[in-house]
Amino acid sequence: MAPAASATSQVFEQRCIICHQPNAQGVAGLYPPLADSIGYYVRVKDGRQYLVHVLLNGLGGSVVVKGVTYNGLMPQFAYLSDDDIAAALNEVLTRFNSAELPKDLQPITPDQVKAGRAITENSTELMHERAHIYEELKDAGLGASK
Ligand code: HEC
């Protein structure tokens, strides 16, 4: 395997664009967009934790993103370093979600990824976590991509 990339773009480019596409718009019905969607999640408390958990555990089951249903399988990336996982998420957030980000966005840190490894979550649990984020966004009157 290639040595751990320190440059942010390499992780996204090497691991994510094959499905989510270079512009992070995804492929309707197959791979959900990450652009102008996951930026909302980090507006609420549990959002960044959810993103870390998806990368560490993968995700399967039905999700709705911007009105389109996806019933796919996201592979897990737990074999990547904490730095690489944080870098991939931070790149998607800052490059493709700038309009949605809170002004005081703190980047996702490698330590948060490391902490996320303590719990293994299956897709059912992740779906609950995801639904909770959408509820938090609704309660806070913040937009969501659904
Ligand atoms: C093999 C294809 C594939 C690859 C590679 C892939 N993903 Fe995914 N990703 C998916 C699919 C499919 C879903 C939706 C899963 C579902 O339908 O349950 C998803 C979902 C997600 C979600 C959750 C979105 C939401 O709205 O809840 C995030 C975040 C994510 N991917 C980020 C990434 C990142 C970052 C990478 C690169 C490290 C990556 N993905 C690589 C296929 C992929």
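## Confidence of the model

The pLDDT is the predictor's confidence in each residue, on a scale from 0 to 100. In this predicted model, the chain has an average pLDDT of 91, and 92% of the residues score at least 70. Residues 1-7 fall below 50, and in the model this stretch has seven contacts beyond near neighbours in sequence. Where pLDDT is low, the predicted coordinates should not be read in detail.

## Surroundings of the ligand

The ligand takes up the space of the largest pocket. Two or more residues of the surrounding shell come from each of helix H1 (8-20), helix H3 (47-57), strand E1 (59-65), strand E2 (68-74) and helix H6 (123-139).

There are 28 residues around the ligand, and those that come nearest are Cys16, Cys19, His20, Tyr50 and Met74. Sorted by class, the shell comprises 21 nonpolar residues, five polar ones and two charged ones.

## Polar contacts

The side chain of His20 places an N or O atom 2.8 Å from a nitrogen atom of the ligand, and His20 is also among the residues that come nearest to the ligand. Backbone atoms take part as well: a polar backbone atom of Gly61 is 2.6 Å from an oxygen atom of the ligand, while a backbone N or O atom of Gly72 lies 2.8 Å from a ligand oxygen atom.

Methods. Residues are numbered from 1 along each chain as its sequence is written. This is a predicted model: local features need pLDDT of at least 70, side-chain atom pairs count only at pLDDT 80 or more; totals for chains, interfaces and linings use all residues. Side-chain values use heavy atoms; hydrogens and water are left out. A residue is near a molecule or strand if one of its heavy atoms lies within 4 Å of it. A polar contact is a pair of N or O atoms within 3.5 Å; within protein, one must be able to donate a hydrogen and the other to accept it, and residues adjacent in sequence count only if both atoms are side-chain atoms. On a 1 Å grid over the protein atoms alone, a cavity is a set of points where a 1.4 Å probe fits but cannot get out, and a pocket is an open set with protein on both sides within 12 Å along at least five of seven lines; lining residues have an atom within 4 Å of a point. A molecule sits in a cavity or pocket if more than half of its atoms lie within 2 Å of its grid points. Helices (H or I, at least four residues) and strands (E, at least two) are DSSP runs, numbered from the N terminus. Ala, Val, Leu, Ile, Met, Phe, Trp, Tyr, Cys and Pro count as nonpolar, Asp, Glu, Lys and Arg as charged, and the others, Gly among them, as polar. Contact means heavy atoms within 4.5 Å.
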